[in-house]
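Open the structure in a viewer and keep the sequence panel at hand. The tour below goes from one selection to the next and says what is there at each stop.

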Amino acid sequence: MNIRRLLVTGGAGFIGSNFIRYELEQYPDLHIVNFDKLTYAGNLDNLLGIDEHRYTFIRGDIADADALANAMEGCDAAVNFAADTHVDRSILGATEFISTNVTGVYNLLEQTRTKGLARLLLVSTDEVYGSIEKGSFRETDPVSPGNPYSASKASGELIALAHHRTYGTPVIITRGSNTYGPYQYPEKVLPLFVTNAIDNQPLPLYKGGEHNVRDWLFVRDHCSGIDCALRRGTPGEIYNIAGGNERENIVLTRKILALLGKSEDLIRLVPDRPGHDRRYSIDASKLKKLGWAPQMDWDEGMALTVKWYQENEWWWRKVKSGEFLEYYKRQYGKRFADETS
Ligand code: NAD
Ligand code: DAU
């Protein structure tokens with residue numbers, strides 16, 4: 001599929017900014033329009049140094065249909081990363097999650113239909129399936145989200161699938177695993193633990209969840225998976241994107257500490273996340289049939305990622321100030337007071 005002007009929504013966040021770099025590198029004639037609200041998680045530092053001749057930034061909200069329509073003008077396709085993405089924040093309050101992850105997605109679908117875009121790819125998550133004890137979810141399994149974040153993502157997906165069936169809107173959905181790599185906002189477990197450990201601060205591991213399992217997908221592999229689904233996928237279809245690296249949270253935590261040469265005494269077992277999903281696992285054979293495969297080995301990806309945070313303190317020290325500190329206190333203040341080890 002030939003795309004000349006691609007709208008990327010939420011391109012100033014973690015995966016979106018990595019995706020913009022990936023696309024500009026892979027397709028020399030491509031122009032990208034990045035439409036991003038710049039919430040607390042949006043950061044233009046993530047895009048420093050990219051080729052400004054092939055890139056346009058527009059600040060805006062996907063829940064604002066008119067602003068979105070203007071940004072979409074002249075684009076052949078769109079990829080949506082814009083979302084409220086942190087489970088713990090959704091437990092504290094989910095109003096913004098509904099606005100962006102549901103209303104925003106509906107606006108994207110409507111604009112895709114009325115403007116006649118060739119493709120809309122919605123970046124979704126393995127969390128929509130909920131937890132699984134044995135085996136792995138396939139795309140045909142039902143959704144069963146367990147927290148406000150994943151419920152809002154599943155809601156957006158259901159509206160998209162109905163839109164495809166009703167109007168023939170050319171929408172494709174990807175469901176990715178836990179993603180890691182450079183430029184991830186340090187509220188997520190991996191960059192939070194790496195940056196806390198660099199500063200010899202405690203690592204708040206959820207007690208009861210220390211043996212919970214996540215499948216780790218390197219960010220470049222997630223980007224190549226999205227690209228493959230966008231260009232080779234079939235409208236109306238869903239594609240899982242798995243890393244193939246299932247690890248217990250305690251294993252991830254120990255790995256981070258070992259890579260940094262820090263003591264396991266930094267681990268603090270704090271009260272668990274309510275409704276904490278035990279294990280995520282997805283089967284990506286459907287996308288693999290289109291020619292995609294993850295390239296990054298977990299040990300190598302972890303070493304590279306930890307080194308990136310060690311070498312880029314300028315990036316995360318700015319982020320771990322202001323709003324972040326208020327959130328950190330709200331999320332962990334009482335937890336540290338109630339810690340159980
Ligand atoms: P992020 O939180 O790092 O970035 C989200 C971006 O969206 C930010 O730049 C923010 O400013 C922007 N944004 C938020 N609300 C917006 C709105 N209303 N209008 C326009 N822009 C808005 O997110 P991420 O971790 O990069 O995740 C990107 C996408 O991938 C999300 O849709 C998420 O659900 C999905 N996903 C993430 C992971 C993961 O492990 N991080 C895994 C699977 C799927
Ligand atoms: O699976 C894909 C999803 O991965 C994405 O859709 C989400 O946007 C992304 O945030 C992520 O969700 P998780 O809830 O799995 O990620 P998080 O980094 O918040 O937590 C990972 C695991 O670590 C989880 O079992 C909870 C645990 N954890 C997390 C934090 C923040 C802790 O033990 N302590 C913590 O402080």
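## Stop 1: ligand 1

Select ligand 1 and the residues around it, 30 in number; Asp36, Asp61, Thr85, Tyr149 and Lys153 come nearest. The model is a predicted one, and the distances that follow are computed from it.

Show the polar contacts next. An oxygen atom of ligand 1 has a polar side-chain atom of Asp36 at 2.6 Å. An oxygen atom of ligand 1 is also 2.7 Å from a backbone N or O atom of Ile15. On a nitrogen atom of the ligand, look for Thr100, which places a polar side-chain atom 2.9 Å away. On its own ligand 1 has 840 Å² of accessible area, and the protein covers 97% of it.

Colour the shell by element. Two or more residues each come from helix H1 (14–26), strand S5 (119–125), helix H5 (148–167) and strand S7 (178–180). S5 gives the largest share, three residues. Recoloured by class, the shell has 15 polar, 11 nonpolar and four charged residues.

## Stop 2: Thr100

Stay with Thr100 and centre the view on this residue. Thr100 sits in helix H4. Is Thr100 buried or exposed? With a relative accessibility of 7%, Thr100 counts as buried, because the cut-off for buried is under 20%. Leaving out residues up to four places away in sequence, Thr100 touches Ile62, Ala82, Ala83, Asp84 and Val105.

## Stop 3: helix H5

Select residues 148–167, which form H5. The 20 residues of this helix should span 28 Å at 1.5 Å a residue, and the end C-alpha atoms are indeed 28 Å apart.

Begin at the start of the helix, where a side-chain oxygen of Asn147 comes within 3.1 Å of the backbone nitrogen of Tyr149. Then show the buried side of the selection: Tyr149, Ser150, Ser152, Lys153, Ala154, Gly156, Glu157, Ala160 and His163 are the buried residues of H5. When reading such a list, note that an α-helix has 3.6 residues a turn, so residues three or four places apart point the same way.

Add the elements that cover these residues, among them H3, helix H4 (95–115), S5 and strand S6 (171–176). Finish just after H5, at Gly168, where phi is positive, about 75°.

## Stop 4: ligand 2

Tyr149 leads to the second ligand. Select ligand 2 and the 25 residues around it; Asp126, Tyr149, Arg273, His276 and Tyr332 come nearest.

Which side chains place a polar atom 2.6 Å from an oxygen atom of ligand 2? Tyr149 does so with a polar side-chain atom, and His276 with an N or O atom of its side chain. Glu127 also has a polar side-chain atom by an oxygen atom of the ligand, at 2.7 Å. Taken alone, ligand 2 exposes 690 Å², of which the protein buries 95%.

Helix H3 (87–92), H6 and S8 are the elements that give two or more residues to this shell. By class, the shell around ligand 2 divides into 10 nonpolar, eight polar and seven charged residues.

## Stop 5: helix H8

Now select residues 249–260, helix H8. The helix has 12 residues and reaches 17 Å from its first C-alpha to its last, close to the 16 Å expected at 1.5 Å a residue.

Which residues of H8 are buried? They are Asn249, Ile250, Leu252, Thr253, Lys255, Ile256, Leu257 and Leu260. To see what they pack against, show helix H6 (189–198), helix H10 (298–311) and the strands S8 (203–206), S9 (213–218), S11 (246–248) and S12 (267–270). Just after H8, Gly261 has a positive phi of about 65°.

## Stop 6: Glu264

Continue along the chain into the loop between H8 and S12, where Glu264 lies. Glu264 counts as partly exposed, at 42% relative accessibility. Neighbours within four places in sequence aside, Glu264 is in contact with Arg254 and Leu257. The side chains of Glu264 and Arg254 are joined by a polar contact of 3.1 Å.

For a last view, zoom out and add Asp66. Asp66 and Glu264 are 51 Å apart in space, C-alpha to C-alpha, and 198 residues apart in sequence.

How values were computed. Residues are numbered from 1 along each chain as its sequence is written. Chains are lettered from A and ligands numbered from 1 in the order in which they are written. This is a predicted model: local features need pLDDT of at least 70, side-chain atom pairs count only at pLDDT 80 or more; totals for chains, interfaces and linings use all residues. Side-chain values use heavy atoms; hydrogens and water are left out. A residue is near a molecule or strand if one of its heavy atoms lies within 4 Å of it. A polar contact is a pair of N or O atoms within 3.5 Å; within protein, one must be able to donate a hydrogen and the other to accept it, and residues adjacent in sequence count only if both atoms are side-chain atoms. Accessible areas come from the Shrake-Rupley method with a 1.4 Å probe; for residues, only the protein chains shown count as cover. Helices (H or I, at least four residues) and strands (E, at least two) are DSSP runs, numbered from the N terminus. Ala, Val, Leu, Ile, Met, Phe, Trp, Tyr, Cys and Pro count as nonpolar, Asp, Glu, Lys and Arg as charged, and the others, Gly among them, as polar. The expected span of a helix is 1.5 Å times one less than its number of residues. Buried means under 20% relative accessible area, exposed over 50%, partly exposed in between (1.4 Å probe, protein chains only). Contact means heavy atoms within 4.5 Å.
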